[in-house]
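Dear colleague,

I am handing over the structure below, and I would be glad if you could look through it before reading on. My notes on what was found follow directly after it.

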Amino acid sequence: MNILVIVKMVPDLVEELAVDPDGKGLDPDWVRWKPNEFDDHAIEQAILIKERHGAQVTVVIPDMDGAEDAMYAAAARGADRLVKLRGDFTGSANNHALARALGKYLPELQPDLLLTGVQAHNDLDGSLGPLLAEFMGLPYLGYVAGVHLQGDKANVRKEHPGGVVAEMEINLPAVLGIQAAEQAPRYVAFSRIRQAMKTAAIEEQEIPHLDISGAAEVSLMKQVESGERAEMFAGDPDQVADRIVAVMRDHGIL
Amino acid sequence: MNKDIFVIIEHLGGEVADISYVMLAAAREIAPALQGEVVGILLGGGIENLCQNLAADRVWLFDDPRLADYSPTTNLHILGELIQQHAPRAVIFGDTSTGAEVAAGLSARLDLPMVSACHSLTVGDQSLGYDSRICGGRIQVQGELPSPTALIAMVPGGYNPDSGRSAVPPPIERLAIPHLEEPPIRLLSYIQPETGDVDISRAEVLVSVGRGIQNQDNLEIVEELAEALGGAVCASRPVVDQGWLPVSRLVGKSGRRVRPKIYLALGISGAPEHVEAIGGSQVIVAVNTDPEAPIFNLAQYGTTSDLFDLVPVLTDHIRQARSERVA
């Protein structure tokens with residue numbers, strides 16, 4: 001069983017975001033990149049499958065700030081093989097471009113199962129998984145929280161709104177968009193990540209050209225202007241608590 | 001050139017999903033300026049009764065027992081042929097567990113431009129524009145959707161779903177199902193949600209926690225607050241993913257929609273996936289140390305007090321208020 005996990009680096013929302021001077025993209029000087037949270041769940045799901053059924057887990061990440069740290073952390077958690085995609089993934093690169101490039105390269109790795117996060121907070125042209133599946137001619141199922149292999153098929157749990165879960169069967173090879181791994185991504189001590197830095201090898205794959213067609217054009221990007229903002233209560237906890245209690249009284253809660 | 005707007009109507013468990021009415025409301029608003037019509041499209045088995053209140057100029061049905069269970073590959077096949085045949089000006093999908101994957105798959109398959117997280121649409125001089133929100137609702141993006149056909153994945157928030165409902169049933173046409181191969185994805189069963197100890201969708205008072213709660217032990221002060229209020233504790237996705245609260249307490253896109261009298265949001269940033277499920281609350285009070293957190297755009301009241309300082313004090317004040325009332 002050969003499992004590939006594709007990880008996208010996204011802006012860390014803990015940091016302030018700024019739009020670049022031409023107003024069409026985020027200002028890269030202000031962005032700190034981190035692995036997409038749903039992709040982190042995809043790595044965890046891959047490791048869980050490996051522990052249950054035995055598998056080789058390969059993690060593929062575009063070469064951006066923070067990508068190597070993310071790869072070593074994945075190795076410390078149990079990933080077997082690390083591949084860094086070399087190319088210009090900042091700026092106007094979008095999911096169509098990344099999916100198209102991966103669609104050409106990934107078949108070489110002969111995957112049985114491809115996992116990626118169901119979405120990323122900066123997706124503007126669809127999420128990566130369904131685009132990648134289509135470019136590779138494979139079936140795709142997203143919003144997956146639970147994967148069990150059965151021969152050349154996988155049984156997966158797909159989440160729908162309202163808490164309804166569909167248990168579905170999908171022929172392999174396939175691409176799955178992971179909403180949540182069956183358990184929270186495991187914590188690894190920094191000492192193990194440091195060890196992975198010494199022992200794990202990062203392979204490199206050149207992506208010479210990114211074709212961004214297929215996404216709607218961006219003419220303006222800006223910070224969301226706060227329209228009607230909440231009425232803010234300031235002061236010490238006693239004063240704020242008084243104001244909240246008053247709101248509760250006004251609404252008949254107390 | 002075809003100027004119609006196709007709306008892919010979503011339904012689950014014999015009910016039309018709310019997002020479908022939002023999409024119809026959007027389509028109705030732009031269709032006159034584009035001089036096109038709104039065409040609602042449904043795929044399923046035994047679904048004609050779902051069309052009665054759809055505010056569409058026409059409804060096309062792919063109604064067949066083989067379509068009773070959702071399979072993305074089947075939808076891709078049927079809708080791909082339909083879109084190629086008619087080349088409508090736009091096709092609106094829900095940015096949801098079913099619509100998002102079909103829209104993106106069609107964008108790649110048919111080489112059509114796509115935008116996701118679409119909040120609203122605008123029509124200029126024969127042009128069609130989108131307005132999307134990304135990066136947890138912090139960044140607004142606008143642009144044009146090129147001719148002849150663009151695919152849109154829409155989130156709630158930009159339109160009143162009531163504008164997508166009609167008292168007059170639309171004309172319905174049943175379309176022939178194209179040849180279908182055995183799909184590589186099959187439904188085995190539906191697992192209905194367990195409501196567990198409390199049904200948060202019916203609770204009148206909800207104390208909701210997000211990532212800001214930091215760890216499971218800290219839930220204790222929140223449970224005390226909920227108890228003092230006679231309410232229930234619920235959570236956003238990160239808390240449930242950590243296993244700190246069961247999935248029956250999840251509020252958001254893939255969890256429950258809630259309509260309490262008061263929703264107290266503690267350490268919740270206000271990501272779109274969460275916010276879309278709490279809009280029915282009568283009043284929202286948000287506590288978050290980040291003054292820029294998008295939750296303050298939705299909440300009526302807020303504070304940047306640290307929740308760990310505030311919550312125990314608030315619990316005391318509420319207990320006091322209750323005992324004064326009893327006295």
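Two strands are said to pair if DSSP finds at least two bridges between them. With that in mind, and remembering that this is a predicted model, you may like to begin where the chains meet: strand E9 of chain A, residues 165–171, and strand E12 of chain B, residues 185–191, pair in the antiparallel sense over six bridges. Within this pairing, Ala166(A) stands opposite Tyr190(B), which belongs to E12(B).

Looking at the two chains as a whole, 69 residues of chain A are in contact with 80 residues of chain B. The side of chain B that touches chain A is made up, by class, of 41 nonpolar, 26 polar and 13 charged residues.

As for the interior, the largest nonpolar core has 143 residues, and those with the most contacts inside it are Val5(A), Val59(A), Val7(B), Ile92(B) and Ile152(B). Helix H1 of chain B, residues 18–34, gives the most to this core, with 10 residues. A second, separate core has 54 residues, including Leu245(B) and Leu310(B). Returning to Val59(A), and leaving aside its neighbours within four places in sequence, its contacts include Val5(A), Ile43(A), Met71(A) and Leu82(A).

Chain A itself has six helices and 13 strands, and its C-alpha trace spans about 60 × 45 × 40 Å along its principal axes. Of its 254 residues, 49% are buried, while among the contacts in chain A with a separation of 6 or more, 72% are between residues 24 or more positions apart.

With kind regards

Key
Residues numbered from 1 in each chain as written. Chains lettered and ligands numbered in written order. Predicted model: local features only at pLDDT ≥ 70, side-chain atom pairs only at ≥ 80, totals over all residues. Core = buried A, V, L, I, M, F, W, Y, C linked by C-beta atoms within 7 Å. Buried ≥ 20, exposed ≤ 12 C-beta atoms within 10 Å, placed from the backbone. Helix = DSSP H or I, 4+ residues; strand = E, 2+ residues; numbered from the N terminus. Contact = placed C-beta atoms within 7 Å. Nonpolar A, V, L, I, M, F, W, Y, C, P; charged D, E, K, R; others polar.
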